[in-house]
Amino acid sequence: MSVKSQAGVTTVEQNEVIIPDLSIKDLLSAIPPHCFKRSALRSSLYIAWDCIVIGGIYKATTFLDSFINPELLSLPHPVLYPMARVSLWSLYGFWSGLFATGLWVIAHECGHQAFSESKFINNTVGWVLHSALGVPYHSWRITHAKHHASTSHLTQDQVFVPKTRSQLGLPQFNPTKENLLGSSVSNEVMKELKEALGDSPIGAALGSASYLLGGWPAYMIRNASGQKRYPSGSNHFNPNAVMFAPHQRGAVILSDVGILLWLTGVVGSIYSFGFLTVFRTYLVPYLWVNHWLVLITFLQHTDPLLPHYRASEFTFPRGALSTLDRNLLGDCGKIMGWIGAHATNGISETHVVHHVSSKIPHYNAWEASDALRKRLEQAGIVLQGAPGGWGEVYRVFKACKSYQFIEDEGDIVFYKNAFGLADQQAQAHRWSR
């Protein structure tokens with residue numbers, strides 16, 4: 001973004017973003033027909049593989065742990081023994097949590113009916129897997145389906161909904177001192193916005209860290225980062241919550257039963273085996289799963305280059321194409337990038353095609369993504385983001401969440417920064433309508 005300041009006004013040269021006019025038929029026809037085939041057997045093999053890997057990580061950890069004692073291992077100071085044990089089990093938590101995220105992804109596919117051809121099998125497997133990971137299966141399945149139907153729709157999307165200028169209590173838009181697109185802002189307005197929003201690197205770092213650790217339960221319990229028009233107190237456990245229709249009450253209650261059984265299992269395990277054992281073998285990986293879930297989905301749907309739409313400009317294809325593919329852990333090198341993609345069943349790397357057709361199983365999504373990308377490139381559209389990792393979360397959080405906003409006006413909007421400037425704008429012809 002090229003920035004110029006002159007006569008008390010700052011202007012930027014914005015990048016123009018192509019707003020898709022493709023139909024869903026255009027997108028689906030680009031994908032080979034066999035990619036839509038679902039197999040309960042093949043999908044089940046991925047569950048078995050993830051469980052085998054997690055079990056192998058556990059066995060390797062307990063085997064190595066048995067050697068961390070003075071009789072078998074000589075260390076220069078006694079304090080190094082508990083430090084070595086903590087380090088070993090921390091590695092266990094990281095790796096088992098990464099592969100348990102793969103199980104989470106498969107349960108998520110069950111909610112999309114992508115696991116098999118049978119709705120009963122899909123919902124049974126999804127309920128079991130998600131309940132075991134502390135997720136209210138049907139409740140989340142219902143709101144997640146709404147998210148897919150209305151991705152980046154400012155009043156219908158369910159999560160990662162940007163806050164507007166008025167919602168943040170910022171100074172009102174002044175057309176004599178700034179323009180709606182965010183390409184020109186007076187220095188006076190820039191100062192006002194900066195004072196109101198702040199722009200602290202430390203604040204962004206702490207904010208992104210807390211978001212990764214607590215974002216998932218906060219969304220489930222109190223609709224944090226969710227749809228702003230929902231009343232205060234909306235959550236995924238109340239069958240009467242506004243996001244659920246009356247006929248969905250039974251499914252929400254069944255989800256709550258799964259959560260109660262999960263809590264009973266966790267508490268019972270602590271009583272039987274002790275808190276420390278349950279904490280290091282289950283709760284730490286569980287927290288890592290929540291962390292990966294937030295990191296992956298946040299980066300799929302949040303970036304200054306992604307547009308958001310109001311009703312007059314929204315279409316399903318535009319929503320589906322306002323997402324990004326990213327290589328999870330790709331910023332840590334090719335090997336870690338491959339492991340990240342393999343462990344999480346490609347959910348980050350094939351997300352765009354997943355939004356075009358959520359019934360494509362993950363093992364077919366790779367080929368489907370390659371085919372879809374070729375079609376999108378013909379339209380001048382590239383939806384490949386930077387590799388997904390902690391550094392990228394910090395950049396995007398700082399650029400879009402902690403000190404940013406969108407305007408209350410405009411049918412196609414992009415994030416503005418703490419100075420009221422936007423990196424992107426829709427192609428000029430889009431605004432002549």
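1. In this predicted model, helix α7 supplies the largest share of the lining of the largest pocket, namely 8 residues. This note takes that pocket before turning to the second largest.

2. The largest pocket has a volume of about 880 Å³. It is lined by 47 residues, and those closest to its centre are V159, F160, Y211, A224 and S225. Several elements give two or more residues each to this lining: α3 (80–111), α5 (137–149), α7 (201–222), α9 (275–301), α12 (351–356) and α14 (390–401).

3. What is the chemical make-up of the lining of the largest pocket, in terms of nonpolar, polar and charged residues? The count is 22 nonpolar, 21 polar and 4 charged.

4. The second largest pocket holds about 300 Å³ of space. Its lining has 15 residues, and I54, A100, L103, L133 and Y282 lie nearest the centre. Two or more residues each come from α2 (40–65), α3, α4 (119–132) and α9.

5. Which element gives the most to the lining of the second largest pocket? That is α9, with 5 residues. Helix α9 is also among the elements that give two or more residues to the lining of the largest pocket, and α3 is another of them.

6. The lining of the second largest pocket divides into 12 nonpolar residues, 3 polar ones and no charged ones. For the largest pocket, by contrast, the lining includes 4 charged residues.

Definitions and conventions
Residues are numbered from 1 along each chain as its sequence is written. This is a predicted model: local features need pLDDT of at least 70, side-chain atom pairs count only at pLDDT 80 or more; totals for chains, interfaces and linings use all residues. Side-chain values use heavy atoms; hydrogens and water are left out. On a 1 Å grid over the protein atoms alone, a cavity is a set of points where a 1.4 Å probe fits but cannot get out, and a pocket is an open set with protein on both sides within 12 Å along at least five of seven lines; lining residues have an atom within 4 Å of a point. Grid points are joined across faces, edges and corners, and a volume is the space filled by probe spheres set on the points. Helices (H or I, at least four residues) and strands (E, at least two) are DSSP runs, numbered from the N terminus. Ala, Val, Leu, Ile, Met, Phe, Trp, Tyr, Cys and Pro count as nonpolar, Asp, Glu, Lys and Arg as charged, and the others, Gly among them, as polar.
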